[in-house]
Structure formats: C-alpha cells, structure tokens
Amino acid sequence: MSQDVVSPSPIRLVVLISGNGSNLQAIIDNIANENLPAQIVAVISNKASAYGLERAKKAGIKHHVLSYNDFTDREHYDLALKNLIDEYQPDLIILAGFMRILSDEFVQHYSQKMMNIHPSLLPKYKGLNTHQRALDAGEKEHGCSVHFVTTELDDGPVILQAIVSIEDNDTAETLATRVHQQEHRIYPEAIRLFAEKKLKLK
Ligand code: GRF
C-alpha cells in the first residue's frame, strides 16, 4: 500500500527590512529552489532606499515603504505597521535587518509569531557592532542566531545558531562575510521548522 506524503501548505510570511536584504534573498531563493513551504506575501521597509525592495520587486513580491518620518511618534508608527502587516494575514513575521526598535505592544501582538536574526551567538553581543566586539574580546568563535522576538532587545528563545571560527587575520568585514553566509543558511531553516510545526516554546 502506498502512502502519500502530504506536504504542509505554505505559510504566509511578511518580511521587514531596512537595507540590503540578503537574508530576504536567501528566503526567496529557498522558496524557489529548496521547497521551503512558505510564501512571502509582503516585504515592508522603513527606508525607501533599501536595496531589499529591489529584490522584492524582481521576485514579484508586494512591497511597501513605511517611513518613520511620516509619523509623530513610535506609537503611531507601530500601529500603522501593525495594520499594514495584518492586511496580509501572515502566519509569521520575519525581521531581516529591520533597524527599528519595536514597541512592547507591537511585539506582544505577534507573540511567538515573529523571528529575528542577529549576528552573534546570543546571549553574547546583543546590539550593534557585534563582529568588532567579538574580535576585540579575543573570541575564538562567533556566529549568528535566529530567535523568537520578545520585548527585550535581541533576546527571546533561540531557535537556531551557527558557529563561525575566528581566524587570526580576521577583520570585522571578513568575519561579517562568513557570518552572513551562515545567516543565509539558518534563517530559511528556522522558517522551515516553524512551517513544519517542529518548534515548541518551553
Ligand atoms: C544581518 O547581519 C542580520 O544579522 C542583522 O541585520 C543584517 C541584515 O542583513 N539583523 P541583510 O539586509 O539581510 O543583508
């Protein structure tokens, strides 16, 4: 007797970006080439100049710019962002280099439905300049982490991490390049685990 393998229906992703969008590209590519069971229903940037918007356009994905300059304060910005996101009824929100701090209310609205990627082995090196800080501290290993977003910055349960060895001649730039390569591998993988309902929050 043959048994049909039922693949899960694609989950709906809204991806938030501010810049280059290489992680966005990795997700687009994984959906196209690696059967990642997801569809990106919208990309939203807080910066009109973000190159990731070009990537979305090229992939035929709906994209929006929501600039903070058009709002009086964080509360109103986050409300508009929430309303825009919710129009797309996403299953999961993906922060992919989105350089804005989100209000507690916003984060709680997407509790267990919002992921971030951070360029360090959390809980080490939260915040900015992670590669230089790891070098300055004489670390032998560095890396990146995908985690669920909670109200604490760069905190929340870690889903996946990738370790990168630090070489003697590394600079922040060379290290960043290798960490980025790992980001492009583990972010789609974390989304796959979510889509396949293999993540349990304890
Ligand atoms: C990545 O290094 C990620 O870890 C951090 O922001 C950067 C985004 O890069 N949160 P890109 O825009 O995906 O190229």
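Is Gln89 buried or exposed in this structure? Let's start there, and keep in mind that what we're looking at is a predicted model.

So, Gln89. You'll find this residue in the loop between α3, which is 74-87, and β4. Its relative accessibility comes out at 60%, so Gln89 counts as exposed, the cut-off being over 50%. There's a backbone detail here too: phi of Gln89 is near 45 degrees, a positive value, and this residue isn't a glycine.

Asn129 has a similar story to tell, so let me put it right alongside. Asn129 sits in the loop between β5 and α5. Its phi is near 50 degrees, again positive in a residue other than glycine. And at 60% relative accessibility, Asn129 counts as exposed.

Let's stay in that loop for a bit. Pro123 is in the loop between β5 and α5 as well, and the peptide bond joining Leu122 and Pro123 is cis, with omega at about 10 degrees. Ser120 also has its place between β5 and α5, where α5 is 130-136. Now, is Ser120 buried or exposed? With 0% relative accessibility, it counts as buried. The side chain of Ser120 reaches the backbone oxygen of Lys124, at a distance of 2.5 Å. Leaving aside residues up to four places away in sequence, Ser120 touches Tyr125, Thr130, His142, Gly143, Cys144 and Ser145.

Okay, on to the ligand. Which residues surround it? Going along the chain, we have Asn20, Gly21, Ser22 and Asn23, then Gly97, then Ile117, His118 and Pro119, and finally His180 and Glu183.

Let me pick out some polar contacts. Ile117 uses its backbone: a polar backbone atom there is 2.8 Å from a nitrogen atom of the ligand. With His180 we're talking about the side chain, where a polar atom lies 3.3 Å from an oxygen atom of the ligand. Glu183 also brings in its side chain, with a polar atom 2.9 Å from a ligand oxygen. How much of the ligand does the protein cover? On its own the ligand has 370 Å² of accessible area, and the protein covers 85% of that. The space the ligand takes up is the largest pocket. As for which elements build the shell, those giving two or more residues to it are α1 (22-33), β5 (114-118) and α6 (172-195).

Next stop, Leu102. Look in the loop between β4, at 92-95, and α4, at 104-109. Leu102 has a relative accessible area of 12%, so it is buried, since the cut-off is under 20%. What does Leu102 touch? Not counting residues up to four places away in sequence, the contacts are Arg74, Asp78, Leu81, Leu95, Val107 and Met114. There's also a pairing to check on screen: Leu102 and Leu153 are 51 residues apart along the chain, and their C-alpha atoms are separated by 9.0 Å.

Last one: Pro37. This proline is in the loop between α1 and β2, which covers 38-45. Pro37 counts as buried, at 10% relative accessibility. If you measure across to Leu128, C-alpha to C-alpha, you get 32 Å, with their positions 91 residues apart in sequence.

That's my tour, so over to you for questions.

Conventions
Residues are numbered from 1 along each chain as its sequence is written. This is a predicted model: local features need pLDDT of at least 70, side-chain atom pairs count only at pLDDT 80 or more; totals for chains, interfaces and linings use all residues. Side-chain values use heavy atoms; hydrogens and water are left out. Helices (H or I, at least four residues) and strands (E, at least two) are DSSP runs, numbered from the N terminus. Buried means under 20% relative accessible area, exposed over 50%, partly exposed in between (1.4 Å probe, protein chains only). Contact means heavy atoms within 4.5 Å. A residue is near a molecule or strand if one of its heavy atoms lies within 4 Å of it. A polar contact is a pair of N or O atoms within 3.5 Å; within protein, one must be able to donate a hydrogen and the other to accept it, and residues adjacent in sequence count only if both atoms are side-chain atoms. Accessible areas come from the Shrake-Rupley method with a 1.4 Å probe; for residues, only the protein chains shown count as cover. On a 1 Å grid over the protein atoms alone, a cavity is a set of points where a 1.4 Å probe fits but cannot get out, and a pocket is an open set with protein on both sides within 12 Å along at least five of seven lines; lining residues have an atom within 4 Å of a point. A molecule sits in a cavity or pocket if more than half of its atoms lie within 2 Å of its grid points.
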